[in-house]
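Trainee: Could you take a close look at one part of this model with me, the stretch where an aromatic pair and some charged side chains come together? I would then like to hear how the rest of the chain is arranged around similar contacts.

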Amino acid sequence: MKISVITIVYNAQDTIKRCIESVIGQNYNNIEYIIIDGGSTDNSLQIINQYKSHIKVLISEPDKGIYDAMNKGIRLATGEVVGMLNADDFFADQEVIPAVAQAFSDSNADIIYGNLDYTNSTGKIIRKWKSRTWGKNSFQWGFMPPHPTFYCKRNLFEKYGFYSLEYGSAGDYELMVRFMHKYQMKSRHLNKVMVKMQVGGVSNSNLINRIKAWSFDLKAMRENNVFLPVLAIVLKPLRKTFQFL
């Protein structure tokens, strides 16, 4: 099974090396690695070019934001399965992609997702996001898989659409709700820490951005037929409190 891993980069000179090395260090020999750079002005491209022999596609040009860049990568992908690994993130160990491939082979799932650790800039784990098995009404109760661990069959994008640019920082949430809740694609939870994610996301950077993110979440739920979306909005952040325990 060919798996396409897509990395989105913009001025990530401090983290891109770690990200790339975690991909090329996977114990799996059929990874199609695609890097979409938004026109970095720091040393990101110089670092990326040191690994050119491991990169199938490299594009560097301005884009309309992270989800536009992701869509570019998906359209270039030829793997049966597609997943994202942003420049600030890295795989937890060398067995992540083998485990993803095995999970797809062992099941009839269209989607595989797992667990994630949040780290600070020194690598210390400050929050653990242990997901769980999705159920038909899970999104109603504030459920959300960690997007950096989200791998799906490439044909889902062709059938049900790409990342929308209309949901701000909640574009990844909207796509997962669309695939898993609205269209009921079969999923499997891989009970494994797949990704280490460095804290500092745009949607959580301040209260104003957090309020905007909630409004986009609400829009995503309404557009994808989540029953009582206001309840889900309340429960979604409450579920995160357990990630600090």
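Mentor: Happily! Y118 is buried, with a relative accessible area of 11%, and W129 is buried as well, at 10% relative accessibility. Keep in mind that this is a predicted model. A search of the whole structure finds seven aromatic pairs, and Y118 with W129 is one of them, a stacked pair with 6.3 Å from centre to centre and 5° between the planes. The two rings come from distant parts of the chain: Y118 belongs to strand β6 (residues 111-119) and W129 to strand β7 (residues 125-129), eleven residues apart. Buried here means under 20% relative accessible area, so Y118 at 11% qualifies, and so does W129 at 10%.

Now look at the charges on these strands. K128 forms a salt bridge with D117, and their closest N and O atoms are 2.9 Å apart. K128 sits in strand β7 and D117 in strand β6, so this pair also ties together parts that are eleven residues apart in sequence. The two partners are covered to unlike degrees: D117 is buried, with a relative accessible area of 2%, whereas K128 is partly exposed at 42%. D117 and K128 also belong to a network with K196, joined by salt bridges that share partners. Strands β6 and β7 are thus linked by the stacked rings of Y118 and W129 and by the salt bridge between K128 and D117.

For the wider setting, the salt bridges in the model come to seven. Another of them joins the side chains of D93 and K192, at 2.8 Å from N to O. D93 lies in the loop between β5 (89-91) and α4, while K192 lies in strand β9 (residues 187-198), and 99 residues separate them. D93 counts as partly exposed, with 32% relative accessibility. There is also a salt bridge between the side chains of E158 and R154, at 3.3 Å from N to O. E158 is exposed at 56% relative accessibility, and R154 is partly exposed at 24%.

D42 makes a good contrast. D42 is in the loop between β2 and α2 (44-49). What does D42 have around it, given that it is buried yet has no salt bridge? The nearest side chain of opposite charge, R18, is 13 Å away; a salt bridge needs the nitrogen within 4 Å of the carboxyl oxygen, so R18 does not qualify as a partner. Polar atoms are there instead: the backbone nitrogen of Q13 lies 3.1 Å from a polar atom of the D42 side chain, and a polar contact of 2.8 Å joins the side chains of D42 and S44. Leaving aside residues up to four places away in sequence, D42 touches N11, A12 and Q13.

Back to the rings. Ring pairs link Y67, F157, Y160, F162, Y163, F179 and Y183 into a cluster. One member, F162, has the charged end of R75 over its ring, 4.2 Å from the centre. Elsewhere, K219 lies over the face of Y167, at 5.0 Å from the ring centre.

Y67 leads us from the cluster into helix α3, since Y67 is among the buried residues of that helix, together with D68, A69, M70, N71, K72, G73 and I74. Helix α3 (residues 66-76) is mostly covered, with eight of its eleven residues buried. These buried residues pack against β1 (3-9), β2 (31-37), β4 (81-84), α5 (155-160) and α6 (171-182). Helix α4 (residues 96-106) is mostly covered too, again with eight of eleven residues buried: V96, I97, P98, A99, V100, A101, A103 and F104.

To place all this in the whole chain, there are eight helices and nine strands, and buried residues make up 51% of the 245 residues. Among contacts with a separation of 6 or more, 76% are between residues 24 or more positions apart.

Conventions. Residues are numbered from 1 along each chain as its sequence is written. This is a predicted model: local features need pLDDT of at least 70, side-chain atom pairs count only at pLDDT 80 or more; totals for chains, interfaces and linings use all residues. Side-chain values use heavy atoms; hydrogens and water are left out. Rings of Phe, Tyr and Trp (its six-membered ring) pair if their centres lie within 6.5 Å; planes under 30 degrees apart count as stacked, over 60 as edge-to-face and the rest as tilted. Helices (H or I, at least four residues) and strands (E, at least two) are DSSP runs, numbered from the N terminus. Buried means under 20% relative accessible area, exposed over 50%, partly exposed in between (1.4 Å probe, protein chains only). A charge sits over a ring if NZ of Lys or CZ of Arg is within 6 Å of the ring centre and within 35 degrees of the ring normal. Contact means heavy atoms within 4.5 Å. Lys and Arg count as positive and Asp and Glu as negative; His and the chain ends are not counted. A polar contact is a pair of N or O atoms within 3.5 Å; within protein, one must be able to donate a hydrogen and the other to accept it, and residues adjacent in sequence count only if both atoms are side-chain atoms.
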